[in-house]
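The following paragraphs lead the reader through the structure shown here, beginning with one local element and moving outward to the chain as a whole.

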Amino acid sequence: MPNFEAFASQYPEIPPSVMLKVDLLRRGVRLGMGPVGTRHYHHHDEKGQKKIDARSHLQGSVVLPDGTTVFVAHNPNSPYLIQFDAERSALKLREGEPGDLICDLTPGPRFAWAGERTARQTPMASVLTPSLGGACGPLATFLLRYCEFVGANEECRFCSWVRMGKSHELRPDVGDLRETLGRIWSEQRSIGYLAFSGGSLLNRTKEADAFLRYREAVQETGLPLPTTVAAIQALNKPDSRRLCGAGFDYVCYSMEVWDEVAWSAVLPGKSRSVGRAGWMRCLSDAVEVFGSGRVLCNFVAGVETAVPGLYPSPEAAADATLSGMRWCYERGIYPKYAVWIPSGGAAFADREPAPLNYYARLLRGRQELYSEFSMPIPGTDCPHCLTQSCEADLSRLAPARHGVGPATASGWEGRHAVAHAAN
Ligand code: SF4
């Protein structure tokens, strides 16, 4: 479906640029030589990076003509091509061979600090990483550089991260962190959020220990911190209390998929370590610790359609995930989603992406939940950093239809400032 008109006629209730965003996410892009993306240290060290096509380590974003921001990473098999017209210094989005022009693009930010090193010669982008191409300059730190689920071949079926290279656990270095964070503040002047994330351990208390160690090290830099979130396996109440006490603003205990059968097919490691029922109990308990709206739960939207025979239609799969989002809201948990990207190296890398009909149903249904539940949008989210989901785009582009409810009506304004990029 190569043009805006085709999207508009098939999905009249969704702005065509939003359907294009979904299609770019689910099918990926071929990155040409244009100024898009920065090197991404999947494992936060140099030795761990597999020597494959250098473009496989690039991540960033592009902006469509109406301001919709889309995360991009290289997929050599994508029908979409981002081409750089050197003569006009312009970026073009094309589809197919030789390549019908779809639209012009604006590259997302590329920060100069991400190519620099600390005094100890550590790449700054391996200390703190630009997160998902957000234009407000969000950061992530991957503090557990391995995942124990891999040992028994039980990694989450959508996860390519664990196959991108081999690495090992490091202790945080306060000097590196101070230098890097200081350099980031001086260049960007805005940091949308700071997410702490990483692989999983079967001993979740030990996993929480690593998050506490890194949180303390970041604190020790003495530098101001943006909103922080710990994206970690669902923890029992005492460990949730420890994260809250350490100053994390939010925790994100992601269910990823909703139904029990989807859990065993997509999340074998999480099914063994905690199980779906245990995960849901931890989520509810965490609300008692952090408060309503401070506990997040992400869904990898669309991966459940890759489980053979699970749902009779894409719409039924979307409805199941929407049930999961409703369950979250009813318990004070803020539901998030990211469009499933079948990434190279993941166990489900060769599965077909979820159909567009799935997303048309899910996107509409998710916006409708905003009219039912007034829970505020979390401090981690803004129109500049939601590069893998469409809540802010829909509210902005079609407010009468998709921007209803107190959370969306004014909730997207005045959030993270756009970051300055010296590059
Ligand atoms: S828990 Fe799942 S998503 Fe996270 S690193 Fe391990 S396999 Fe990947």
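**A hairpin and its surroundings**

In this predicted model, strands β3 and β4 form a hairpin in which five residues lie between the two strands. Within that turn, G67 has a positive phi of about 95 degrees. The pairing of β3 with β4 (residues 69-73) is antiparallel and runs over five bridges. One of the bridge partnerships joins V63 to T69 in β4.

Strand β3 also has other partners. Strand β2 (residues 38-39) pairs with β3 in the antiparallel sense over two bridges, and T38 stands opposite Q59 in β3. Strand β7 (residues 100-107) likewise pairs with β3 in the antiparallel sense, again over two bridges. Here V63 stands opposite T106 in β7; V63 thus has bridge partners in β4 and in β7.

How is β3 placed with respect to the rest of the structure, enclosed or open? Five of the six residues of this strand (residues 58-63) are buried, so β3 is largely enclosed by the rest of the structure.

The hairpin also leads into the nonpolar interior. The largest nonpolar core has 122 residues, and V72 is among those with the most contacts inside it, together with V251, Y253, V257 and L283. Leaving aside neighbours within four places in sequence, V72 is in contact with L24, V29, L31, V36 and G37, with G60, S61 and V62, and with I82 and G133.

A ligand forms a second point of reference. Ten residues surround the ligand, and the closest are C147, E155, C156, C159 and S200. By character, the shell around the ligand divides into six nonpolar residues, three polar residues and one charged residue.

The wider view concerns the whole chain. Its secondary structure comes to 14 helices and 14 strands. Of the 423 residues, 53% count as buried. Among contacts between residues at least 6 apart in sequence, 75% join residues at least 24 apart.

The overall dimensions complete the description. Along its principal axes, the C-alpha trace spans about 50 × 50 × 45 Å. What radius of gyration would a compact globule with 423 residues have, and what does the chain have? A compact globule would have a value near 22 Å, and the chain has 20 Å, which agrees.

How values were computed. Residues are numbered from 1 along each chain as its sequence is written. This is a predicted model: local features need pLDDT of at least 70, side-chain atom pairs count only at pLDDT 80 or more; totals for chains, interfaces and linings use all residues. Helices (H or I, at least four residues) and strands (E, at least two) are DSSP runs, numbered from the N terminus. The radius of gyration is taken over C-alpha atoms; the globule rule is 2.2 Å times the number of residues to the power 0.38. A residue is buried if 20 or more other C-beta atoms lie within 10 Å of its own, exposed if 12 or fewer, and partly exposed in between; C-beta atoms are placed from the backbone. Two residues are in contact if their C-beta atoms, placed from the backbone, lie within 7 Å. A residue is near a molecule or strand if its C-beta atom, placed from the backbone, lies within 6 Å of it. Ala, Val, Leu, Ile, Met, Phe, Trp, Tyr, Cys and Pro count as nonpolar, Asp, Glu, Lys and Arg as charged, and the others, Gly among them, as polar. A nonpolar core is a set of buried Ala, Val, Leu, Ile, Met, Phe, Trp, Tyr and Cys residues joined through C-beta atoms within 7 Å. Two strands pair if DSSP finds at least two bridges between them.
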